[in-house]
Structure formats: C-alpha cells, structure tokens
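Hi,

Here is the structure I promised to pass on. Have a look at it first, and my notes on what turned up are below.

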Amino acid sequence: MCSVGMYVSDINKVKLTLKNSGNHSYVSYRRAKNNSYCKGIPVIDKDCFLGNTILKEYHIKSNSNFPLNLSLNQFDKNLKVLSQLAGLDFMISSKMARKTFASIYYFDYRINIVDIQIMLGHKEVRHTMHYLRIDDDEFANRIHDQLGRAV
C-alpha cells in the first residue's frame, strides 16, 4: 500500500497483477473508486517504498491471494506495521501514503506528472496536481529545466 498508494476500498475489491519486465517488477490494478487502470508501479524497496518487503511480509502473489480481506481497523493495524517497517516514528494513513507516493516520485525522482497520474489512477491530471500542491513557480521551474535538457 505504501508503494502503490492504495485505499482500503481498492485493496478489498481489486486484483493486483504483478508483472516482470526484464529485471524490473511492477504492479497494476484497476481502482475500485473510479475503475481507472493503475499501471507501471515499480515494486522496489527504496526510501519509504516497501514493495518487495510488503509482497514477502504478506505473501502476496499475483491474482491469487489478493485482495486481502481487511476491515478499516485491520487496514489501520497493517499501516502501523508498515510504518514500523519503513522506519517511521509515526503511523501513516492511506491518504498520507498516496500523497507521499506521488510527492516522492514527483519532487525527488522528477517523474513526469502524467506518469504519476497513471500510477495513481487519477482520471484527470488536476487531481494529481492537487495531491502534489504544485505552485506556479514550481511548475515554471520544471518546464524551464525540461527545456534546458532538450536544447
């Protein structure tokens, strides 16, 4: 969940598909909220992302034992465990995990916002921009940086 940014409603209703492409693993699933397709989500253990750890810890296999049958209370208990696995001294929430997922990919790794939109399953990029709270200066600086690389 920390690596995918899923809500409990998604976890209870979707089939998670694990795929390999060369030496990379990634996840895809269809969101329960709006039926959009979230795809290309890397399964990595880096920074606060715990994709490989979560798959091992919860014995998750593609289309077999997922979705996990979780109540909101059970989901919160799992978030507490995941917070500890990530080395955090506070408990994360699902909303916090989704925003953190998007923010780290955008601000730290400089991933294109449209790619983040696809990973999160937002139907419109403005929803992703709202998650990231991108101001005009940040947006203008990004465009300038990208133009500088293109020249």
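Helix H7 supplies the largest share of the lining of the largest pocket, with five residues. Bear in mind throughout that this is a predicted model. H7 runs over residues 136–150, and the other elements that give two or more residues to that lining are helix H5 (113–120) and helix H6 (125–132). The volume of this pocket comes to about 210 Å³. In total 13 residues line it, and if you want to find its centre on screen, look for Tyr106, Asn112, Ile113, Ile143 and Gln146, which lie nearest to it. As for chemistry, the lining of the largest pocket splits into eight nonpolar, two polar and three charged residues.

Next, the second largest pocket, which has a volume of about 180 Å³. Twelve residues line it, and Arg31, Lys33, His122, His127 and Tyr131 are the closest to its centre. Two elements, H4 and H6, each put two or more residues into this lining. Of these, H6 gives the most, with four residues. So what classes of residue make up the lining of the second largest pocket? By class there are six charged, four polar and two nonpolar residues. H6 is worth clicking on, as it turns up in the lining of the largest pocket and also in that of the second largest pocket.

Away from the pockets, there is something on the surface to show you. Leu88, Phe90 and Met96 make a nonpolar surface patch of about 240 Å². To place Phe90, go to the loop between helix H3 (72–85) and helix H4 (94–108). Is Phe90 buried, partly exposed or exposed? Its relative accessibility is 43%, and because the partly exposed class runs from 20% to 50%, Phe90 counts as partly exposed.

One last spot is Gly40, in strand E3 (residues 37–42). Gly40 has a relative accessibility of 38%, so this glycine counts as partly exposed too. Which residue does Gly40 pair up with in the distance list, despite being 79 residues apart along the chain? That would be Met119: the C-alpha atoms of Gly40 and Met119 are separated by 6.4 Å. Met119 falls within the range of H5 (113–120), one of the helices that line the largest pocket.

That's the tour. Shout if anything is unclear when you open the file.

Cheers

Definitions and conventions: Residues are numbered from 1 along each chain as its sequence is written. This is a predicted model: local features need pLDDT of at least 70, side-chain atom pairs count only at pLDDT 80 or more; totals for chains, interfaces and linings use all residues. Side-chain values use heavy atoms; hydrogens and water are left out. Patches are made of residues with over 30% relative accessible area and no salt bridge: like charges are joined within 9 Å, nonpolar side chains (Val, Leu, Ile, Met, Phe, Trp, Tyr) within 5 Å. Accessible areas come from the Shrake-Rupley method with a 1.4 Å probe; for residues, only the protein chains shown count as cover. A salt bridge is a side-chain nitrogen of Lys or Arg within 4 Å of a carboxyl oxygen of Asp or Glu. Buried means under 20% relative accessible area, exposed over 50%, partly exposed in between (1.4 Å probe, protein chains only). On a 1 Å grid over the protein atoms alone, a cavity is a set of points where a 1.4 Å probe fits but cannot get out, and a pocket is an open set with protein on both sides within 12 Å along at least five of seven lines; lining residues have an atom within 4 Å of a point. Grid points are joined across faces, edges and corners, and a volume is the space filled by probe spheres set on the points. Ala, Val, Leu, Ile, Met, Phe, Trp, Tyr, Cys and Pro count as nonpolar, Asp, Glu, Lys and Arg as charged, and the others, Gly among them, as polar.
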